[in-house]
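Biologist: I would like to go through the labels on this structure with you. Could you show it, and then explain how each label follows from its value?

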Amino acid sequence: MVEKLFPEINKVYFMNTYTLVHVLSGTGSIEVDFKNYYDWEDKAIYLEKGQYIKFLSEDFVVRKIEFPDHEKFQNTEIRVLFKHLISLGYINLMECSDCQQYLTNTIFSDRSSDILDISSKQWFWQNPFHANKDEYQIIFDIKDVIDNEFSNHLTNTELVSFINAKGYDAQALIKNKVGLSVKNLLGKKRLTESQKEIAFTDKNIQEISYELGFKDTAYFNRVFKNNTGQTPLEFRANFDYQNKDLFTQNIIDLLKMHHEDERSLEFYAQKMHLSVKTLSKKVRQKMNTSLGQLIRFELINSAKTMLLEGESINAISQKLNFEEPNHFSRFFKHYVGEPPSEFKNKKYNS
């Protein structure tokens, strides 16, 4: 099913089936499973059943393609799109002309699952962890076991024993290619699922801790706070799933209005009638990022827009209140990964 979506700010959209999310336009970050992402441009994002996405601005326009829930998703090459190891599963559309062409014509297609085959080939070509296909199969076999067994508190040895490693040392392979240990992957999965249970259900914390395999609720509370900086009850209150207060919209509106002229945290704290410490804490709790990162994001987004509209680097530097054009260029390259001139030329030549 193909759908054009104008998502509400801060609303939780649960994935009830395997889904491709293609952001057509917008100015802001997205949140998937309690992590914020700012680099969604020119990407097709793949989400599996049970994940959620939030849009932390009110001007997003999204194409959503839902795929039937059937045996295709057991395909070991398709699963790489949906089984996220560290970050989002995505396809870089700038590097995949077949993907771009397909998505352009999706609304007329009755074979939307074809994009999965195109995308899986692109994913392996992107080769995000610099592994070969045999190595990827072992990595994702381990991830499958983690997803199925995370609440059973298996040891590393027990986890790896589920896998036919085909001559590889599975633990060393994952550490080398993914950069995390099997224990780290298991801990990340258990934390994410505990956050979902706390944020989206009314179960008491003791019940959640037992379901996740913790025999001691106090120990679960300590583990959770060490990983999130909040107790489970604080996390539930701050996520604000049902009531959705206006804090997020208010701070985003202020940033859009003033980011070209104001960089100081004190300015935004005064506008929000809060101390800098309290504002910074609330931004971190409710938006999973820092106020400084939000200001930088708005500056970068404005710079990108002006570059694509043909404005000169000198003019952009002045509008965004950098002391010198070279200061702006260094700032842009540091956070975008390429100089503004290269970004502009790449977009024009794509």
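Biologist: Thanks! In which hand does α6 pass α9?

Modeller: The crossing of α6 past α9 is right-handed. Please keep in mind that this is a predicted model.

Biologist: What makes α6 and α9 oblique to each other?

Modeller: Helix α6, residues 182-200, packs against helix α9, residues 232-239, at an angle of about 60°, with the axes 8 Å apart. Angles under 35 degrees count as roughly parallel and 65 to 115 as roughly perpendicular. An angle of about 60° fits neither class, and therefore the pair is called oblique.

Biologist: Which residues of α6 and α9 meet?

Modeller: From α6 there are Gln195, Glu197, Ile198, Ala199 and Phe200, and from α9 there are Pro232, Phe235, Arg236 and Phe239. By class, that contact has six nonpolar residues, one polar and two charged.

Biologist: And why is α1 called roughly antiparallel to α2?

Modeller: Helix α1 (residues 97-104) and helix α2 (residues 114-126) pack at an angle of about 160°, their axes 9 Å apart. Angles over 145 degrees count as roughly antiparallel, so α1 and α2 get that name. The crossing of α1 past α2 is left-handed. On the α1 side the contact involves Asp98, Cys99 and Tyr102, while α2 brings Asp114, Ile115, Ile118, Ser119 and Gln122. Four of these contact residues are nonpolar, two polar and two charged.

Biologist: Let us turn to the strands. What makes β2 and β5 the edges of their sheet?

Modeller: The open sheet has four strands in the order β2-β7-β4-β5, with antiparallel pairing. β2 (13-14) and β5 (35-37) each have a single partner strand, so one side of each has no neighbour in the sheet.

Biologist: How do you know that β4 and β5 pair?

Modeller: Two strands pair if there are at least two bridges between them. β4 (residues 30-32) and β5 have three, in the antiparallel sense, so they pass that cut-off. Within this pairing, glutamate 31 stands opposite asparagine 36 of β5.

Biologist: Which strands does β3 pair with?

Modeller: β3 pairs with β6 over four bridges, in the antiparallel sense, and leucine 20 stands opposite tyrosine 46 in β6. β3 also pairs with β8 (residues 61-66), again antiparallel, over six bridges. There, valine 21 stands opposite lysine 64 of β8.

Biologist: What makes β3 mostly covered?

Modeller: The strand spans residues 19-25, and five of its seven residues are buried.

Biologist: Why is lysine 43 called buried?

Modeller: Its relative accessible area is 13%, and buried means under 20%, so lysine 43 falls in that class. Lysine 43 lies in strand β6, residues 43-47. Beyond its neighbours within four places in sequence, lysine 43 is in contact with Val21, His22, Tyr90, Ile91 and Leu93.

Biologist: Is lysine 225 buried, partly exposed or exposed, and how do you know?

Modeller: Lysine 225 has 43% relative accessibility. Buried means under 20% and exposed over 50%, so lysine 225 counts as partly exposed. Lysine 225 sits in helix α8, residues 217-228.

Biologist: Which residues touch lysine 225, leaving aside its neighbours within four places in sequence?

Modeller: Those are Gln230 and Thr231. By way of a distance, the C-alpha atoms of lysine 225 and leucine 116 are separated by 38 Å, and the two residues are 109 apart along the chain.

Note on methods:
Residues are numbered from 1 along each chain as its sequence is written. This is a predicted model: local features need pLDDT of at least 70, side-chain atom pairs count only at pLDDT 80 or more; totals for chains, interfaces and linings use all residues. Side-chain values use heavy atoms; hydrogens and water are left out. Axes are lines fitted to C-alpha atoms, for helices over the stretch in contact, and angles run from 0 to 180 degrees between N-to-C directions. Helices (H or I, at least four residues) and strands (E, at least two) are DSSP runs, numbered from the N terminus. A crossing is left-handed if the near helix is turned anticlockwise from the far one by less than a right angle, and right-handed if clockwise. Contact means heavy atoms within 4.5 Å. Ala, Val, Leu, Ile, Met, Phe, Trp, Tyr, Cys and Pro count as nonpolar, Asp, Glu, Lys and Arg as charged, and the others, Gly among them, as polar. Buried means under 20% relative accessible area, exposed over 50%, partly exposed in between (1.4 Å probe, protein chains only).
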